Amino acid sequence: MNVPEGRRYTQDHEWALLDDGRVRIGITDYAQDALGDVVFVQLPEPGTEVQAGSAIGEVESTKSVSDVYAPVSGRVVEVNTELSDTPQRLNEDPYGEGWICVIEPTEPGAVEGLMEASAYSELISG
Amino acid sequence: MDGARRSPLDAAHRRAGAKLVDFGGWEMPLSYPAGTLAEHQACRSAVAVFDVSHLGTVRIQGPEAFASLQSALTNDLGRIGPGQAQYTHLLDEADASVLDDIIVWWVEADRFDVMPNASNTERVVAAIGGADVTAERAVLAVQGPAARRLMEAVAPEAAGTPRFRVGRFQWRGVEITTAGTGYTGEDGVECAVPAEAAEAFWDALVDAGATPAGLGARDTLRLEAGLPLHGHELGPGITPLQAGLGWVVGWDKGDFRGRTPLEAERRRGPNRRLRGLVVEGRQPPRAGYGVRAPGESGQLEGEVTSGNFSPVLGTGIAMAFLPPEVGPGAEVEVDMRGRPAPARVVKMPFVGGRG
């Protein structure tokens, strides 16, 4: 499974990428593989205040539903509306075009508290 | 999955990189690396091959076989003859619940191969007797508009098996039984292959161009085709009449198990009916979701039994039990975990015209 360096990861199989003070999030390669073909994504509303660990959206495959959790607290400032019509991007490019949303974090350093690539790789191989 | 039964094709599935899942006590492929949607598409546009070895084969032989099945199962075997197949039900004699839905292959005059669902095989043997020969064979379903053309290259005798006909032929020294049946809404054949030859037959089909497909695609395909799945549309408390399968009942034959309670229901009319729903949007409706009349005061009308995203329609589809008066054309709402989604009651199948 692909686990790129330079991002942070959560126990819920999401990635978080700090970019210019904002946190872009998505699901990992492992998560998309476990879900199978994604057919629907429920995105958060832009502007929503979110708490770290709270459910902010849903990803549904042909076989199951999975919640999307906020990896950090903050405000949703951007969502990937392309996923509404092309949810398969989560399978095809989970770390790129399959991004889910961007959160402006309350604590700029919050993302540092998440797992590094090496720790996440260990989690999914264990 | 300790203790799960494995198909004679288990090694082939693992080599192909299949994701395996427990189904009715069997460990079977959920999908292959192509994924459920691609497998679904292959079956709708070309040809897919499914390992359905988890279906049981219960062999009933001898001069009493016909009479014994006639009195155990709902459908009338008098409507068909040797060399034909029939869809039928085994009912609970107390309340006419469908204990199992079954395909009977009438292989020769005094021999029937009865094919229950995986988890119901023991129950069916208890009710009708016979020998459980499930472990001796694999069953491969070759389905899709190009299924017969592909079969021509592998086993021409199977390719020529008409719809709901049963045949036998020799293939590389073993006897294969084949039937023009399936569970996808597409044309195709199913082949019961001796376990020792199963892998060679599977490989021959795949080499000829059949796309291996798993239970994920089997479920989305049968859903689009409006075909019931035991444990969802059929099962405890559900009669054939509620499921809209009155045609499975041979009323003109003599007595059969469960006839009395079923006749009583027929007289008073079933209190609910299985219907198809087309749901607005891509979100998959799921088993257990409530169905309501539209609007704020919408009363609970029923419950989804199976649902998913329809790859062909590009929208959510479901089967649901609704009050009998709510028929095709009615507008309802499905409660998608708190979010109402508009839906329309439609005639099934959702896709295609074949059963």
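**Backbone outliers, a buried helix and a domain contact in chain B**

In this predicted model, B:Arg172 counts as exposed, with a relative accessibility of 65%. The residue lies in the loop that connects β11 to β12 (174-179) of chain B. Its phi is positive, near 45 degrees, although the residue is something other than glycine. A positive phi also occurs at B:Phe164, again not a glycine, where the value is about 60 degrees. B:Phe164 belongs to the loop between α6 (156-159) and β11 (166-171) of chain B. Its relative accessible area is 30%, and B:Phe164 is therefore classed as partly exposed, whereas B:Arg172, at 65%, is classed as exposed.

A further backbone feature is the cis peptide bond between B:Met348 and B:Pro349, for which omega is about 5 degrees. B:Pro349 is located in the segment that follows β20 (339-346) of chain B.

Helix α2 of chain B spans residues 36-45. Its buried residues are B:Thr36, B:Glu39, B:His40, B:Ala42, B:Cys43 and B:Arg44. In an α-helix there are 3.6 residues to a turn, so residues three or four places apart point the same way. The packing partners of the buried residues of α2(B) are strands β3 (26-31), β4 (48-51), β10 (137-143) and β14 (211-213), together with helix α8 (215-224), of chain B.

At the domain level, chain B is divided into three parts. Domain 1 comprises 5-54 + 134-224, domain 2 comprises 58-125 + 239-269, and domain 3 covers 272-346. The centres of domain 2 and domain 3 of chain B, taken over C-alpha atoms, are 30 Å apart. Contact between these two domains involves 4 residues from domain 2 of chain B and 4 residues from domain 3 of chain B.

The area buried between domain 2 and domain 3 of chain B is about 320 Å², and carbon and sulfur atoms contribute 50% of this area. Of the area that domain 2 of chain B buries against domain 3 of chain B, 93% is supplied by B:Gln242, B:Ala243 and B:Gly244, more than by any other three residues. On the side of domain 2 of chain B that touches domain 3 of chain B, 2 residues are nonpolar, 2 are polar and none is charged. The count of salt bridges between domain 2 and domain 3 of chain B is 0, while 2 residue pairs are in polar contact, both at pLDDT 80 or more.

Technical notes: Residues numbered from 1 in each chain as written. Chains lettered and ligands numbered in written order. Predicted model: local features only at pLDDT ≥ 70, side-chain atom pairs only at ≥ 80, totals over all residues. Heavy atoms only, no water. Domains from an automatic or database assignment. Contact = heavy atoms within 4.5 Å. Buried area = accessible area lost by both parts, 1.4 Å probe. Salt bridge = Lys/Arg side-chain N within 4 Å of Asp/Glu carboxyl O. Polar contact = N/O pair within 3.5 Å; in protein donor to acceptor, adjacent residues only side chain to side chain. Nonpolar A, V, L, I, M, F, W, Y, C, P; charged D, E, K, R; others polar. Buried < 20%, exposed > 50% of the residue type's maximum accessible area, 1.4 Å probe, protein only. Helix = DSSP H or I, 4+ residues; strand = E, 2+ residues; numbered from the N terminus.
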